[in-house]
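Colleague: Could you take me through one part of this model in detail? I'd like the aromatic rings and whatever sits around them.

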Amino acid sequence: IVAEMSTYYQAEEAAAREKVFILDAGETNVASTDDITYEVTHSFGSRNVMVEVYRNGSNSGNYQTVYTDVTRHSDDVVRIVFGSARTAGDYTAILRKIG
């Protein structure tokens, strides 16, 4: 039972340190008014967050990591900015709390 509890708590801790967001203003915790700038509310309580953005499988995405400007706007929000408008829902952001 101790090993099962340990495995459970490790999985819970990992889930609390990583979140996945589809970049679409219609999604929970994602805001955008122009399909260029997306604000993602992660609620980690820290600016020490690693962000990876990739083109997902929507609209023939190739799952390639893309380069965007990322700012840690506050302890709970990151701002992701593309060079030009993108189709909402075609990109995914993975956020990981560091430390």
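Modeller: Let's go straight to the ring cluster: Tyr38, Phe82 and Tyr91 are linked by ring pairs. Rings of Phe, Tyr and Trp (its six-membered ring) pair if their centres lie within 6.5 Å; planes under 30 degrees apart count as stacked, over 60 as edge-to-face and the rest as tilted. This is a predicted model, so local features need pLDDT of at least 70 and side-chain atom pairs count only at pLDDT 80 or more, while totals for chains, interfaces and linings use all residues. Residues are numbered from 1 along each chain as its sequence is written, and side-chain values use heavy atoms, with hydrogens and water left out.

The structure holds three aromatic pairs. One of them joins Tyr38 and Phe82 edge-to-face, with 6.0 Å from centre to centre and 85 degrees between the planes. That pair ties together distant parts of the chain, since Tyr38 belongs to strand E3 and Phe82 to the loop between E7 and E8, 44 residues apart. (Strands, E, are DSSP runs of at least two residues, helices, H or I, of at least four, and both are numbered from the N terminus.) Phe82 also pairs with Tyr91: the centres are 4.9 Å apart and the planes at 55 degrees, so this pair is tilted.

How covered are these rings? Buried means under 20% relative accessible area, exposed over 50%, and partly exposed in between, using a 1.4 Å probe and protein chains only. Tyr38 and Phe82 are both buried; Phe82 has 5% relative accessibility, and Tyr91 is buried too, at 9%. Across the chain, buried residues make up 27% of the 99 residues.

Now for the strands around the cluster. There's an open sheet of four strands, ordered E2-E3-E7-E6, with antiparallel pairing; two strands pair if DSSP finds at least two bridges between them. E2 (30-31) and E6 (69-71) are at the edges with a single partner strand each, so one side of each has no neighbour in the sheet. E2 pairs with E3 (residues 37-41) over two bridges, in the antiparallel sense, and Ala31 stands opposite Glu39 in E3.

Glu39 brings us to Arg79, which lies in strand E7 and is partly exposed at 24% relative accessible area. A contact here means heavy atoms within 4.5 Å. Setting aside neighbours within four places in sequence, Arg79 is in contact with several residues, including Tyr38, Glu39, Val70 and His73. Its side chain makes polar contacts with the side chains of Glu39 at 2.6 Å and His73 at 3.0 Å. A polar contact is a pair of N or O atoms within 3.5 Å; within protein, one must be able to donate a hydrogen and the other to accept it, and residues adjacent in sequence count only if both atoms are side-chain atoms.

On the other side of the story is Asp90, in the loop between E7 (77-81) and E8 (91-97). Asp90 counts as buried, at 5% relative accessibility. Not counting residues up to four places away in sequence, Asp90 touches Tyr54, Arg55, Asn56, Ser58 and Asn59. Tyr54 has Thr92 as its bridge partner in E8, and stands opposite Thr65 in E5. E4 (residues 49-55) pairs with E8 over seven antiparallel bridges, and with E5 (residues 65-66) over two, again antiparallel.
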